[in-house]
Amino acid sequence: MALMLNSEERAELEARLRSRTIRVEAARRARVILMLADGDSYSTIEAALPCYRDYINRWRRRFLATRLAGLESRHYSQPPSVLTPAMEARILAKTRHAPPDGSTHWSTRKLGRLLAINHNHVAKAWRRAGLQPHRFERYMASDDPDFETKAADVIGLYLHPPQHAAVFAVDEKTAIQALDRRDPVLPLSPGRAERHGFEYFRHGTLSLFAALNTGTGEVLGQTVPRHTSAAFVAFLGDIVASQPKQREIHVIADNLSTHKTQAVRTFLAEHPRVRIHFTPTYSSWLNQVELWFAKIERDLLARGIFTSVQDLARRIRKYIRHYNKAPKPIRWSYRDPAHRIGSTSVNTGH
């Protein structure tokens, strides 16, 4: 038997069907009642919505019992929570303590479960505070009692080098592996990165001495089987030979033991126009050649495929030759640390 609707009830149900703001479920219930009022069979309604016979019976009974009020939901969802200042303070305070499960850091869901709040609130609080628990950084503090004096000496060579003198940032990159892949390299193609096989041959290693001319950006390089004091002294001789006679030469180097042997002291005594400036301990980042080492690592060594140690040395020499065709000095700026912490900045120009 068809339901009987008065004009007001039919108008309200039809308005719910046309509404674009009403919940989908509310519009669905209105359609069930209208189809029943129009005399449609249960089978027709089941196919049109679609739904089950129990669903139709449920809302028919409720409508007959309390009319339009019976079509309202009896159980409402939990009202949306709000990230209050107190909740945000709890999140930030808990984030700075280790999780109780023994893990090293929090995730948004893990902390949300512990505080019984939505994980999106945790993410929002972290974003506002600039917290990223999944990340960490390493640092090394220099224990050199003369850190400021040595750092000022090195930075002074970058900013105000002596007139008519050459300044070289010198270091060695040790144990560079000549790796050759067992499987063919699959080249770059649209939508696919270059792919290397997992297995490789290790043909051996070599070390690279490099001297970066801080004034011109040019690099003087020499590959050697092993980095020894004798090899370092020989490389110092190459630096001297590359410069005009009587030119004063300043070499910036770190505190590696091979840089401070008797052989090095003897070389310096025989070449009084050469002076070595040592960076503070654990502060080789002050040496500009480290930036160039990072560049050759990205450009050549990290993905290079080398058939032998000799092939590796040849490729390194080729890279240096091409680099020196258009060298760029590193622009080093420095601000008084009394005005700003972490005031040293570097622009490689690359």
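This report describes the strand sheet, two helices that lie across it, and some of the salt bridges in a predicted model.

**The sheet and its helices**

Five strands come together in an open sheet, and reading across it gives the order β3-β2-β1-β4-β5, with pairing that is mixed. At the two edges stand β3, which covers residues 219-224, and β5, which covers 274-278, and each of these pairs on one side only. From one strand to the next, the twist averages 30 degrees. Strand β4, made of residues 248-253, pairs with β5 in the parallel sense, and five bridges join the two. In one of these pairings, A253 has F278 in β5 as its bridge partner.

Two helices can be described by the strands they cross. Helix α9, residues 229-241, lies across β1, β2, β3, β4 and β5, and its direction makes an angle of about 150 degrees with β3. Helix α11, residues 289-301, lies across β1, β2 and β3, and runs at about 30 degrees to β1.

**Salt bridges**

The model holds 15 salt bridges, and the table gives three of them with the separation of their N and O atoms.

| Salt bridge | N to O separation |
|---|---|
| D38 and R10 | 3.3 Å |
| R16 and E72 | 3.6 Å |
| D299 and K295 | 3.0 Å |

The pair of D38 and R10 links distant parts of the chain, since R10 belongs to helix α1 (residues 7-18) while D38 sits in the loop between α2 and α3, 28 residues apart. R10 counts as partly exposed, because its relative accessibility is 26%. These two residues also belong to a network of salt bridges in which R10, E14 and D38 are linked.

Helix α1 also contains R16, whose partner E72 lies in the loop between α4 and α5, so this salt bridge ties together parts of the chain that are 56 residues apart in sequence. R16 is buried, because its relative accessible area of 11% is under the 20% cut-off. E72, at 39% relative accessibility, counts as partly exposed.

The third pair lies within a single helix: D299 and K295 are four residues apart in α11, and therefore about one helical turn separates them. What degree of exposure does D299 have at 45% relative accessibility? D299 counts as partly exposed, whereas K295, at 16%, counts as buried. The helix that carries this pair, α11, is one of the two described above as lying across strands of the sheet, in its case β1, β2 and β3.

Key:
Residues are numbered from 1 along each chain as its sequence is written. This is a predicted model: local features need pLDDT of at least 70, side-chain atom pairs count only at pLDDT 80 or more; totals for chains, interfaces and linings use all residues. Side-chain values use heavy atoms; hydrogens and water are left out. Two strands pair if DSSP finds at least two bridges between them. Axes are lines fitted to C-alpha atoms, for helices over the stretch in contact, and angles run from 0 to 180 degrees between N-to-C directions. Contact means heavy atoms within 4.5 Å. A salt bridge is a side-chain nitrogen of Lys or Arg within 4 Å of a carboxyl oxygen of Asp or Glu. Buried means under 20% relative accessible area, exposed over 50%, partly exposed in between (1.4 Å probe, protein chains only).
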